[in-house]
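Reader: I have the sequence and the model open. I would like to know how the labels put on this structure are justified.

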Amino acid sequence: MGDLGRKPVTLFEIDLSYCTRTYGSAPCAAVLGTTGQAKCFNSKFTCQDPANYDEGVKVVTFAYNQDGNPDIPGIFPALQSVSSRPGELNLSGIDPNKSALGVRARVTAKLQDFANNDTWLDKYQSERVSGAALFSGIGYQPEDRGQFLARMFTRFPYYSGIPCRVRRGYAGDAPGDMDTENYVASEVAGPNAGGVVDIVAKDVFDLADDVIPAVSTGKLLEALTIDATTATLTPAGVGDTYEASGLIRIGRELMAFTRSGDVLTLTRAQEGSSAATHSALDTVQECVVLDGLTIPGNAEEILTYKTTAFDAFIPMADWVDENNTWYSGLVLGRVILSRPTVKKLLIGELCALGCMFWWDPIDQEIKFKINSPLLPGEEYYPVNDESGLLEGSVDIDRAEDQRISSLWMYHAVRDWTDDTLASRNFNKLTIATVADNQYKVDVLKEVYTRWFGRDGNDTAVSIITERLLARYEKTPFLVSGTLDVKDRPAMQLGAQLLVETYALQNVDGAVLAEPMQVNYVEYSEDRVKFRAETYSIQGKFAFWLDAATAPADYDSATEAQRATGAFWADATAPDADKDYVWF
């Protein structure tokens, strides 16, 4: 009951890249009057010795102008509002109204600019007052020159992609003990005429707007005949931006190469392409080859290509464990990326193989999950009218546009230089169809996947399409509602629920217990709003037991082994009510 009188506290934090060096002290070689007329502000933009810039972090915290804010250095009561648009999952990329990665989370912090003496952000504030930090020797009062936010973003203009946080707690809580959502800065607007600054931050997939492969700037110095085996790049020196060997694309031809300086030694007509003549100044685009990787392996290669921004956010051990559990043995094909493609689009294509990637702002990780039933021992989190759902908050909808009666998956790429994913560029088509469509109206979904290479993979594609069809052959229910704050730890994107509410009824009017998966969740100080969709996967699943410890037959198995394992049995075996899996 004591919590009822507690005052909510919201903080918005931003991490500025702040140099750890001291101006003019080794290894910093900056010299006042030589490298600059004033000492730097320990930012990259004002650095006078970039070779010795040593990146650290300066945390700037904004709070509402109220009592109860934490008493810590670097906190400023300039926060006017924090508005959020939570992320939304597109489970297995099925919803046609969302991108395959769903809707990315977004938060906007509105700040009021203010006068400040600059002691928090300026390491040499006192020297600017005395004049020691200026070559002229003439000092000034920082609070008389501009305002805090306008100065901050002038000194630190490279804000795109830097970490931001929203912390929510109560008066007396330490910031580290508050519920925390993690984002990266995306946009800054202002200050406007009234001194208002808007900072927009998004989930880390905002960092996946760059491309793979990187755009190549080299061109052919001279025309390339159909049988030539060497080529020279222009402008001079551009060869150093290419790898020592690999694969390139010129026009519609792919060629293997080795490089010495700007000179390429070529093996023509690779990966199913044909040799052709090429003109001087044709672009020589370097390709990326992804070969023999799993789904999470490909995702990691894509996200970490030419950047370290995702390194801290990929729990690869968890990804591998999830993949080995449900897609054990599934290795994708040899894939050629011959043109720069936005990374998040490629991750979205992987989702179409029956999995999901999403940003978890609480755990500060990119999550990976495969379309699958619960593991043995796992349980649905119970959500019901009696213990959680607030009265009058439940709403039921039916996702008619997500039902599938026939799933067509095209695979086996014909031409890696074809810049579109369309049926004409695939040699194979695998079709999964509902045997008895009770809805009478057929709903076709087509998927084009490059991820099984030029050969395709009939077996793997058949398994994937059948699993997806098993989940979406019936129109999914969508349940939205509001829960008490006590349910917040369990209500995460991707969480699996067992929903019991008066709004879900069986044919005889009894309350129906429906397995569901969360695809939207929004937090406030004392409430959790959510939306979940049907998580019904048809069929029976089991695991092969450890040969060293498994029982020889079903009758001698423990209950846990029976619930977990698959047992060989004749289709005419007695005790048909037991959980045999017949082969």
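Reader: How do you know that cysteine 40 and cysteine 47 are too far apart for a bond?
Author: In this predicted model, the sulfur of cysteine 40 has its closest cysteine sulfur in cysteine 47, at 6.3 Å. A disulfide needs the two sulfur atoms within 2.5 Å, so this pair does not qualify. The structure holds 0 disulfides.

Reader: Why is cysteine 40 called buried?
Author: Its relative accessible area is 10%, and buried means under 20%, so the label applies to cysteine 40. Cysteine 164 has a relative accessible area of 1% and is therefore called buried by that rule.

Reader: What confidence does the predictor give to the protein?
Author: The mean pLDDT is 87, and 93% of the residues reach 70 or more. Over residues 579-583 the pLDDT is below 50, although this stretch has 21 contacts in the model beyond near neighbours in sequence. Where pLDDT is low, the predicted coordinates should not be read in detail.

Reader: What makes lysine 202 count as buried?
Author: The relative accessibility of lysine 202 is 15%, and the limit is under 20%, so lysine 202 counts as buried. Lysine 202 lies in strand S8, residues 196-202. Leaving out residues up to four places away in sequence, lysine 202 touches Arg104, Ala105, Arg106, Tyr183, Val184, Ser186 and Glu187.

Reader: What makes glutamate 181 and arginine 488 a salt bridge?
Author: Their side chains meet at 3.7 Å, N to O. The cut-off is 4 Å, so the pair is counted. Glutamate 181 is in strand S7 and arginine 488 is in the loop between strand S26 and strand S27, with their positions 307 residues apart in the chain counted as the distance apart. Both glutamate 181 and arginine 488 are buried.

Reader: Which salt bridges does arginine 334 form with glutamate 271 and aspartate 291, and how are they justified?
Author: The side chain of arginine 334 meets that of glutamate 271 at 2.7 Å, N to O. This pair links distant parts of the chain, 63 residues apart: arginine 334 is in the loop between helix H4 and strand S17, and glutamate 271 is in the loop between strand S14 and strand S15. Arginine 334 also meets aspartate 291, at 3.1 Å. Both distances are within 4 Å, so each pair is called a salt bridge.

Reader: Why is the pair of aspartate 291 and arginine 334 said to tie parts together?
Author: Aspartate 291 lies in the loop between strand S16 and helix H3, and arginine 334 in the loop between H4 and S17, so the pair joins parts that are 43 residues apart in sequence.

Reader: Why are arginine 334 and aspartate 291 called partly exposed?
Author: Relative accessibility is 35% for arginine 334 and 44% for aspartate 291. Buried is under 20% and exposed is over 50%, so these values fall in between.

Reader: How do you know that the length of helix H6 agrees with what is expected?
Author: At 1.5 Å a residue, the 15 residues of H6 should span 21 Å, and the end C-alpha atoms are 21 Å apart, so the two agree. Among the buried residues of H6 are Val461, Ile464, Leu468 and Tyr472. The buried residues of H6 pack against strands S23, S24, S28 and S29.

Terms used:
Residues numbered from 1 in each chain as written. Predicted model: local features only at pLDDT ≥ 70, side-chain atom pairs only at ≥ 80, totals over all residues. Heavy atoms only, no water. pLDDT = per-residue confidence, 0-100. Contact = heavy atoms within 4.5 Å. Buried < 20%, exposed > 50% of the residue type's maximum accessible area, 1.4 Å probe, protein only. Helix = DSSP H or I, 4+ residues; strand = E, 2+ residues; numbered from the N terminus. Expected span 1.5 Å × (residues − 1).
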